[in-house]
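Let's take a walk through this one together, from its sheets to its empty spaces. Have the viewer open and follow along.

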Amino acid sequence: MSAATRRLTTAQALVRFLAAQYTERDGVRHRLITGTWGIFGHGNVAGLGQALVEYADVMPYHQGRSEQAMVHAAVGHARQLNRLRVQAVTTSIGPGATNLVTGAALATVNRLPVLLLPGDYFASHAADPLLQQLEHPVEADVSVNDALRPVSRYFDRVTRPEALVASALKAVRVLTDPAETGAVTLALPQDVQTEAHDWPEEFFADRVWHVRRPAPDPAELAEAVRAVRAAERPLIVAGGGVHHSEAEQALKALVDATGIPVASTQAGKGALRHDHPADLGGIGHTGTAVSDELARTADLVIGVGTRYSDFTTASGTLFQRPDVRFLNLNITAFDAHKLAARTLVCDARTGLATLAEALSGHRVDAAYEAEYRAGKARLEETVRAAFRADDDGAVPTQTQVLGALDAVVGDEDVVINAAGSLPGDLHKLWRARSPRQYHLEYGYSCMGYEIPAALGVQQAAPDTPVWALVGDGTYLMNPTEIVTAVQEDLPVKLVLVQNHGYASIGGLSESVGAERFGTDYRHRAADGSFTGAPLPVDLAANAASLGMDVLRAKTVRELREALVAARAAARPTCVYVETAPPSAALPAEAWWDVPVAEVSAREAATAARTAYERSVADRRHHL
């Protein structure tokens, strides 16, 4: 007797399959694909578009305005939900597909899952070339979707209906594997999407993917325990893997028992609550003075769920003690082996709990603990000074904007940022109250991430106040999803900081001898020089035209009032504030390698090169 089958198109089968996938961790089951973002055109409108209409009861649909932004929204959603739930993104062929590349790179760099379903050319070549087709002279099977290969953790082009079964299962395996996850791409030729096939009923049965918590290898654990017990000045570097594993309480238990201090990467901030006595704030180029001072003298650096980007290591110049060694706890062996470390290849929560148990009775020296607590007290005074506004009627600085927001948010609020000068100020100053409050995308540092990511987070946590912090440069990159926020009634809060240009890159440009060239939003004179007059651009009016309620704040007092009103608002609301130059810029506590011109006729570049050569001499290869 033949097995039962169901006759559906390829697109219909894919939607039904995705609706039946679940993850399970710690005995809790979650639906894997919570919805699909889409912008339709030829290549997906008659295939996936029709399938999403037919199965709207099992697959929610969200209308995007920018393909890149849809991926950002899905990534924000997955991060908020600890990578246990995912959104899909479908686009047409051509520019719709290639617009996915930046978002896919961001997802894969940050180890965050997203399912991409771009349309593709006719597998049959019946219409060849068709509209938007890129013709390759020697590889006829190449399409623009191949640009997604290097930024995807799994890629397949489904050229036959029956090929979907194996491909879809492989795709979901990667999405749900904490060691392999990232962007997953199934390129779908538009003719194959609409072809009917007799599918086995088993393909549509509920399928649960267990998200593993692998324990450390006993030999690795024993070596790790010896290393920690022998260390005089250990330092934990908490990365995003702490959050993905929901390991915050396990980290706290280890720290409470041993007294080992914690510094955090951009992705790991909030792993300890800001007022924990062992939380020293950010580390690296945008880190705090106390974290970076301890990093320079640490004899053992314990990395938990971090991939050690150059901002974290200060481009290889931060960990300066001659005998410093590394112990890396990471679910991904690729990251665990960095910096010639001893390794604990395991789940962060399981590994931390096991390590704490094995270290029972061990604690750092009291003098070391007193030293870093004194440094933390100095950090607290730095934060208070940066946030303080003595004149309520004055135009606020950027750090005072953060201070005003700090006074308004609750423990449950989520604050999202990705690029510009804000990440440095936030990493140094923000007082994270809960594991999910600090949402910085700094693996790819993608301008334009914040607003769409806020939509994805708001969908994941509908009763949580979600704040997107953007400068004027970032806002102009990607404001389109404001329309979607209005359409879907997502009450995100936007803090739009107007400082008339690329403030972060402007400062970097000046420091490397490029003299702020091309970083200012101001009028140019006939000779190409800047006149200094701001452009007559009203970004607040632009946000209002896209459907947001807009509150303009000119002073510190008005800013506080506007933030309170925005937090209480039930509609998408923008707080627009023009900032004053900071009275004293917060200095970088560690170097970052941006190569400077080796020869130049300009004095600024020559001076910058001299400073660069002094700094690069401090780089170490940890072997």
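Which residue in S9 is the bridge partner of Arg157? To find out, start with the sheet that holds the pair, and keep in mind that everything here comes from a predicted model.

The sheet in question is an open one of six strands, and going across it you meet them in the order S5-S4-S6-S7-S9-S8, with parallel pairing. At the edges sit strand S5 (61-63) and S8, each of which pairs on one side only. Neighbouring strands of this sheet are turned against each other by 20 degrees on average, if you ignore direction. Now zoom in on the S8 end. S8 and strand S9 (residues 183-189) run parallel and are joined over four bridges. There you have the pair: Arg157 has Ala187 in S9 as its bridge partner. Packed on this sheet is helix H3 (residues 67-80), touching strand S4 (33-38), strand S6 (86-91) and S7. The direction of H3 makes about 170 degrees with that of S6.

Before leaving this part of the chain, have a look at the loop between strand S7 (114-120) and strand S8 (154-157), which is where Pro129 is found. The peptide bond joining Asp128 and Pro129 is cis, with omega at about 0 degrees. Gln132 is found in the loop between S7 and S8 too. It isn't a glycine, yet Gln132 has a positive phi of about 75 degrees. If you're checking backbone torsions, here are two spots to click on: the Asp128-Pro129 bond and Gln132.

Next, move along to another sheet. Six strands form this open sheet in the order S19-S18-S20-S21-S25-S24, and the pairing is parallel. Its edge strands are strand S19 (438-440) and strand S24 (549-553), each pairing on one side only. For neighbouring strands here, the average turn is 20 degrees, direction ignored. At the S24 edge, S24 and strand S25 (residues 573-578) run parallel and are joined by five bridges. One detail to pick out there is Arg552, whose bridge partner in S25 is Tyr576. Helix H18 (residues 450-460) lies across strand S18 (414-417), S19, strand S20 (466-471) and strand S21 (493-498). Against S20, H18 runs at about 175 degrees.

Tyr576 comes up again when you turn to the pockets. The second largest pocket holds about 300 Å³ of space. Its lining comprises 16 residues, and the ones nearest its centre are Gln498, His500, Val537, Tyr576 and Glu578. Helix H19 (472-477), S24 and S25 each supply at least two lining residues, and S25 gives the most, with three. What does that lining look like by class? It divides into ten nonpolar, two polar and four charged residues.

Then there are the enclosed spaces. How many cavities of 30 Å³ or more are there? The count comes to three. The largest cavity has about 80 Å³ of space, and the residues lining it include Lys269, His274, Asp279, Lys376, Glu380, Trp430 and Arg431. Strand S14 (279-282), helix H15 (366-387) and helix H17 (422-429) are the elements that give two or more residues to this lining. H15 gives the most, with four. By class, the lining of the largest cavity has four nonpolar, two polar and six charged residues.

The second largest cavity takes you back toward the start of the numbering. It has about 50 Å³ of space, and its lining is made up of Val15, Leu18, Thr36, Leu48, Leu52, Met59, Thr90 and Leu117. Helix H1 (10-19) and helix H2 (48-54) each supply at least two of these residues. Six of the lining residues are nonpolar and two are polar, with no charged ones.

Finally, zoom out to the full chain. It has 24 helices and 25 strands. The radius of gyration is 25 Å, close to the 25 Å that the globule rule gives for 623 residues, so the chain is as compact as a globular protein of that length. Taken along the principal axes, the C-alpha atoms fill a box of roughly 75 × 70 × 55 Å.

Note on methods:
Residues numbered from 1 in each chain as written. Predicted model: local features only at pLDDT ≥ 70, side-chain atom pairs only at ≥ 80, totals over all residues. Heavy atoms only, no water. 1 Å grid on protein atoms, 1.4 Å probe; cavity = no way out; pocket = protein on both sides within 12 Å on 5 of 7 lines; lining within 4 Å. Points joined across faces, edges and corners; volume = space filled by probe spheres on them. Nonpolar A, V, L, I, M, F, W, Y, C, P; charged D, E, K, R; others polar. Pairing = 2+ DSSP bridges. Axes fitted to C-alpha atoms, helices over the stretch in contact; angles between N-to-C directions. Contact = heavy atoms within 4.5 Å. Rg over C-alpha atoms; globule rule 2.2 N^0.38 Å.
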